[in-house]
Amino acid sequence: MKRMRGTAALPFVVIGALFHAEVDAFVSSWILHTRMKTMTCDNVLSGLCHKQPMPSQRTTQLLMSTITDPAEMKLRDIKDELREMGVSYADCFDRESLVSRLTEARNGETATTKATDSGSTENPSKTTDTKKEPSSSTPNDIPEHEEASTKTAPKKEFDRNAAFSELRSLRVSELRSRLASRQIRWANMIEKEDLVQALVSAMEKSSQFSLSGALTPGEATDITGDILTAELSGDAGTPLLLDVYATWCGPCKMMAPQMNMAAQEMGETCRVAKIDSDRNQEWAAKLRIEGLPTVIVFDQNGKEVGRREGLLMKSNLVDFVKRNTGI
């Protein structure tokens with residue numbers, strides 16, 4: 001009977017041991033949870049007391065872009081980074097030149113300039129309506145600070161030796177920028193001397209064609225106010241067709257290729273140029289520009305002989321010049 005009682009009590013002993021084990025596990029789990037919760041609260045409080053400024057989305061993109069090879073980046077990302085660095089890419093016409101410009105900028109080989117997509121900020125508030133009759137204007141009312149330089153502007157003989165000396169002292173990136181500004185492709189020019197030779201030839205040809213030496217036969221050259229002042233300062237031997245435009249103007253963008261085709265057709269018989277009205281507001285006011293685009297024809301002595309407002313096709317541009325100049 002005693003042996004039977006011991007055997008019958010064994011299950012109760014096992015159940016008691018298991019119960020104590022479960023209690024110990026629950027207590028240990030509760031202590032661990034309490035400690036973790038305390039640590040988390042301490043971390044949160046520490047973060048509130050020592051809050052660090054989070055980098056902006058643009059800063060994060062720039063940090064990531066410095067790690068990315070420019071050759072593997074998208075064109076949009078390359079342009080965004082160049083804009084953020086203040087480096088102009090207006091003279092880059094293909095992916096290769098954009099990649100090269102970004103690489104040079106990261107290496108500190110390119111001077112920073114105020115840059116946007118097309119060289120100026122888009123302004124959607126302006127309109128292209130041109131319903132007013134334009135007032136006649138003459139280039140004789142040149143601003144005072146430019147008047148002294150325009151009284152005498154004889155054509156100078158082109159100095160090839162001086163040009164070679166100047167260009168050979170420049171870096172390859174600067175030579176490429178100058179060629180691109182003259183719409184000369186340099187992708188196939190491997191050696192630096194090839195770039196120099198091409199640029200000297202273009203400069204010599206331009207010096208014999210225009211008073212400023214900046215215009216090239218068969219091309220609609222984007223010019224500044226100083227270049228326009230020089231072109232209108234004396235007897236150039238050929239008339240000047242000038243397109244006054246703005247980068248935000250839709251019809252201006254549509255007429256740009258028409259200007260180039262007109263320049264190619266007229267060749268050496270007419271100088272063709274275009275000027276940004278936003279970047280050269282003083283000249284835009286002096287010419288009394290009231291609508292965009294505005295096309296003005298000057299004779300060989302720099303006197304305005306005709307103007308038109310609105311979009312014109314190549315044939316209209318050529319006829320407009322011939323009708324007013326007789327070339």
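Let me begin with one definition: two residues are in contact when heavy atoms of theirs lie within 4.5 Å. With that in hand, here is the protein chain as a whole. Among its contacts with a separation of 6 or more, 66% are between residues 24 or more positions apart. Please keep in mind that this is a predicted model.

Now a quick tour of the chain. It has 327 residues, and 37% of them count as buried. It is built with 12 helices and 5 strands. The accessible surface is about 20,200 Å², and carbon and sulfur atoms account for 54% of that.

Let's go to the end of the chain and look at helix α12, residues 314-325. Does its length make sense, or what should we expect? At 1.5 Å a residue, its 12 residues should span 16 Å, and the end C-alpha atoms are 17 Å apart, which agrees.

Which residues of α12 are buried? They are L317, V318, F320 and V321. Looking down the axis of α12, you would see these buried residues fall within an arc of 160 degrees, so they line one face of the helix. And what do they pack against? The partners are β2 (240-245), α10 (250-266), β4 (294-298) and β5 (304-309). Right after α12 comes G326, with a positive phi near 75 degrees.

Next stop, helix α3, residues 75-85. Its buried residues are I78, D80, E81 and L82. Notice D80 there, since we meet it again in a salt bridge: its side chain meets that of R83 at 2.4 Å, N to O. Both residues lie in α3, 3 residues apart, or about one turn of the helix. Here is a handy rule: an α-helix has 3.6 residues a turn, so residues three or four places apart point the same way. D80 is buried, whereas R83 is partly exposed, with a relative accessible area of 29%. This helix also has a glycine after it: G86 follows α3, and its phi is positive, near 75 degrees.

How many salt bridges does the structure hold? There are 9. As a reminder, side chains of opposite charge can pair when their charged atoms come close. I'd like to show you two more.

One joins R178 and E166, at 3.5 Å from N to O. This pair links distant parts of the chain: R178 sits in helix α7 (residues 172-181) and E166 in helix α6 (residues 160-168), 12 residues apart. Are these two buried or partly exposed? R178 has a relative accessible area of 32%, which makes it partly exposed, and E166 is partly exposed too, at 38%.

The other joins R307 and E304, whose side chains meet at 2.9 Å, N to O. Here both R307 and E304 are buried.

My last stop is a single alanine, A202, in helix α8 (residues 192-207). Why does A202 count as buried? Its relative accessibility is 13%, and the cut-off for buried is under 20%. Setting aside neighbours within four places in sequence, A202 is in contact with R182 and I184. If you want to try finding a distance yourself, go from A202 to A214: they are 12 residues apart in sequence, and their C-alpha atoms are 9.4 Å apart in space.

That's my tour. Thanks for listening!

Note on methods. Residues numbered from 1 in each chain as written. Predicted model: local features only at pLDDT ≥ 70, side-chain atom pairs only at ≥ 80, totals over all residues. Heavy atoms only, no water. Buried < 20%, exposed > 50% of the residue type's maximum accessible area, 1.4 Å probe, protein only. Helix = DSSP H or I, 4+ residues; strand = E, 2+ residues; numbered from the N terminus. Areas by Shrake-Rupley, 256 points an atom, 1.4 Å probe, with all protein chains shown as cover. Salt bridge = Lys/Arg side-chain N within 4 Å of Asp/Glu carboxyl O. Expected span 1.5 Å × (residues − 1). Arc of directions from axis to C-beta.
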